Amino acid sequence: MKAVRLDGYNDVPVIRDIAIPQIGPDDVLVRVHASALNPLDVKLHSGVLQNYFPLEFGYTLGSDVAGTVEAIGAHVTGWSKGDKVVGRLDPVSGGALGEFACIPAKQLASVPASMSFETAAGIPTAAGTAWQALLEVGDLGVGQTVLIHAGAGGVGSFAIQIARAVGARVIATASGDGVDIARTLGADQVIDYRSDDFAEMLSDVDLVIDTIGGETQQRSFGVLRSGGKLLSLVAPPDEALASAHHVTASFVFHMSDGARLRSVMSSIGTNGIKTLIDQTVPLDEFATAFARQASGRARGKIIVTMV
Ligand SMILES: NC(=O)c1ccc[n+]([C@@H]2O[C@H](COP(=O)([O-])OP(=O)(O)OC[C@H]3O[C@@H](n4cnc5c(N)ncnc54)[C@H](OP(=O)(O)O)[C@@H]3O)[C@@H](O)[C@H]2O)c1
């Protein structure tokens with residue numbers, strides 16, 4: 001099968017013929033139709049995370065996969081050949097950017113017949129992270145106000161819609177055409193971070209989702225109400241700054257969780273949440289997709305199709 005392989009940190013990813021993965025008794029072999037890229041793939045490739053995510057080479061890139069069940073392990077129940085599924089592979093193992101992927105059955109969720117594989121592939125990491133941060137850690141509820149940085153990005157585009165679905169007031173940052181995109185996704189207020197200063201404009205926010213880090217994170221403490229929360233997806237927040245502002249702050253690390261993914265899929269169906277797709281490219285044009293992901297400018301998800 002064809003797969004996007006890395007032979008070492010920072011090596012140019014190459015499309016190679018490799019053996020179809022062998023499944024264990026608790027695994028499912030998925031015929032991959034679409035896979036989504038994430039900033040994590042770029043960070044894994046660069047080696048910047050190798051102390052936390054040590055890769056074994058040759059490594060097949062990618063964590064997010066959507067496709068059909070091709071084969072099931074001896075202990076697997078509940079899935080049959082041909083079922084439409086979506087899931088997230090362990091990033092250290094990788095394996096989503098290939099024509100077939102081996103994934104533990106417990107990490108899978110069903111894809112509705114009406115949903116495209118491209119739409120489904122964009123969901124596991126980005127929507128799963130938004131869900132975990134907003135609802136499981138952030139405890140966001142009706143009538144609360146949340147500031148979501150990078151509202152037009154992969155995580156932000158889902159976060160806006162999930163926050164709206166729970167009845168929160170949503171403020172997002174974006175720039176250029178991202179401002180209209182974030183508004184269309186449901187943000188009540190969008191601040192163009194290139195021309196306006198969110199830190200001067202906002203106060204009494206209950207929750208900040210920091211997808212940027214650095215100065216953006218530091219300046220976000222000031223917009224929170226006393227007792228509010230800052231959750232960073234990028235860098236551990238400064239504890240001293242948090243206590244100086246009488247708020248709590250923590251780093252959220254997204255863990256693959258099939259039960260969460262099934263809840264996310266169900267909420268997406270109920271609430272009409274959409275996958276914002278920046279671009280879809282065939283596997284042979286993977287290099288274009290990877291460069292776009294590395295640019296940090298994507299509007300939503302970058303999807304690679306296998307069939
Ligand atoms: N901790 C975890 O488990 C976890 C999980 C998922 C993601 N993450 C991290 O979270 C970050 C966001 O992920 P993602 O998938 O949403 O990335 P992404 O899709 O690559 O985000 C791209 C978006 O970021 C916007 N952006 C860049 N700088 C900005 C700024 N200063 N203010 C507001 N928006 C800005 C860009 O808009 P413009 O082009 O208009 O600037 C673009 O739309 C990444 O660093 C990723 O690694 C962490």
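**Figure 1. Pro237 is a buried loop residue in this predicted model.** Pro237 has a relative accessible area of 9%, under the 20% cut-off, so it counts as buried. The loop that holds Pro237 runs between strand S13 (224-232) and helix H8 (239-244). Leaving aside residues up to four places away in sequence, Pro237 touches Gln217, Phe221, Leu230, Ser232, Ala249, Ser250 and Phe251. Gln218 is 19 residues from Pro237 along the chain. The C-alpha atoms of Pro237 and Gln218 are separated by 8.1 Å.

**Figure 2. Helix H3 is largely enclosed by the rest of the structure.** H3 covers residues 124-137. Of its 14 residues, 11 are buried, so the helix is largely enclosed. The buried residues of H3 are Pro124, Thr125, Ala126, Ala127, Gly128, Thr129, Ala130, Trp131, Gln132, Ala133 and Leu134. Just after H3 comes Asp139, with a positive phi of about 55°.

**Figure 3. Thr125 sits in helix H3 and touches residues far along the chain.** Thr125 has 10% relative accessibility and counts as buried. With residues up to four places away in sequence set aside, its contacts are Asn38, Asp64, Arg88 and His254. Val65 is 60 residues from Thr125 in sequence. From C-alpha to C-alpha, Thr125 and Val65 are 9.9 Å apart in space.

**Figure 4. The largest nonpolar core holds 48 residues.** Ile123, Leu134, Val146, Phe158 and Ile209 touch the most other members. Helix H3 (residues 124-137) gives the most to this core, with 6 residues. The core draws at least three residues from domain 1 (2-123 + 275-305) and at least three from domain 2 (126-251). Another core, of 35 residues, lies apart from this one. Leu37, Ala101, Phe290 and Ile302 are among the residues of that other core.

**Figure 5. What does Ile209 touch?** Residues up to four places away in sequence are not counted here. Ile209 touches Ala133 and Leu134. It also touches Val146, Leu147, Ile148 and His149. Leu231 and Leu233 complete the list. Two of these partners, Leu134 and Val146, are named with Ile209 among the core residues that touch the most other members.

**Figure 6. The chain is divided into two domains.** Domain 1 is built from two segments, 2-123 and 275-305. Domain 2 covers 126-251. Their centres, taken over C-alpha atoms, are separated by 28 Å. Domain 1 gives 10 residues to the contact, and domain 2 gives 15 residues. A feature from the UniProt record, "domain: Enoyl reductase (ER)", is placed at residues 8-304 in an unreviewed entry. Over residues 8-304, the chain is 30% helix and 27% strand. The end C-alpha atoms of that stretch are 22 Å apart.

**Figure 7. The peptide bond from Phe57 to Gly58 is cis.** Its omega is near -10°. Gly58 is in the loop between helix H1 (39-46) and strand S4 (59-60). Most peptide bonds are trans.

**Figure 8. Ala150 and Asp204 each have a positive phi of about 60°.** Neither residue is a glycine. Most residues other than glycine have a negative phi. Ala150 is in the loop between strand S9 (145-148) and helix H4 (154-165). Asp204 is in the loop between helix H6 (198-201) and strand S12 (205-210). Are these residues buried or exposed? Ala150, at 25% relative accessibility, counts as partly exposed. Asp204 has a relative accessible area of 56% and is exposed.

**Figure 9. The whole protein chain has 10 helices and 16 strands.** Its radius of gyration is 19 Å, close to the 19 Å that the globule rule gives for 307 residues, so the chain is as compact as a globular protein of that length. Along its principal axes, the C-alpha trace spans about 55 × 40 × 35 Å. Buried residues make up 54% of the 307 residues. Among contacts between residues at least 6 apart in sequence, 64% join residues at least 24 apart. The chain exposes about 12,800 Å². Carbon and sulfur atoms supply 51% of that area.

Key. Residues are numbered from 1 along each chain as its sequence is written. This is a predicted model: local features need pLDDT of at least 70, side-chain atom pairs count only at pLDDT 80 or more; totals for chains, interfaces and linings use all residues. Side-chain values use heavy atoms; hydrogens and water are left out. A nonpolar core is a set of buried Ala, Val, Leu, Ile, Met, Phe, Trp, Tyr and Cys residues joined through side-chain atoms within 4.5 Å. Buried means under 20% relative accessible area, exposed over 50%, partly exposed in between (1.4 Å probe, protein chains only). Helices (H or I, at least four residues) and strands (E, at least two) are DSSP runs, numbered from the N terminus. Domain bounds come from an automatic or database domain assignment. Contact means heavy atoms within 4.5 Å. The radius of gyration is taken over C-alpha atoms; the globule rule is 2.2 Å times the number of residues to the power 0.38. Accessible areas come from the Shrake-Rupley method with a 1.4 Å probe; for residues, only the protein chains shown count as cover. UniProt positions are given in the numbering used here, feature names are shortened, and annotations may be inferred rather than shown by experiment.
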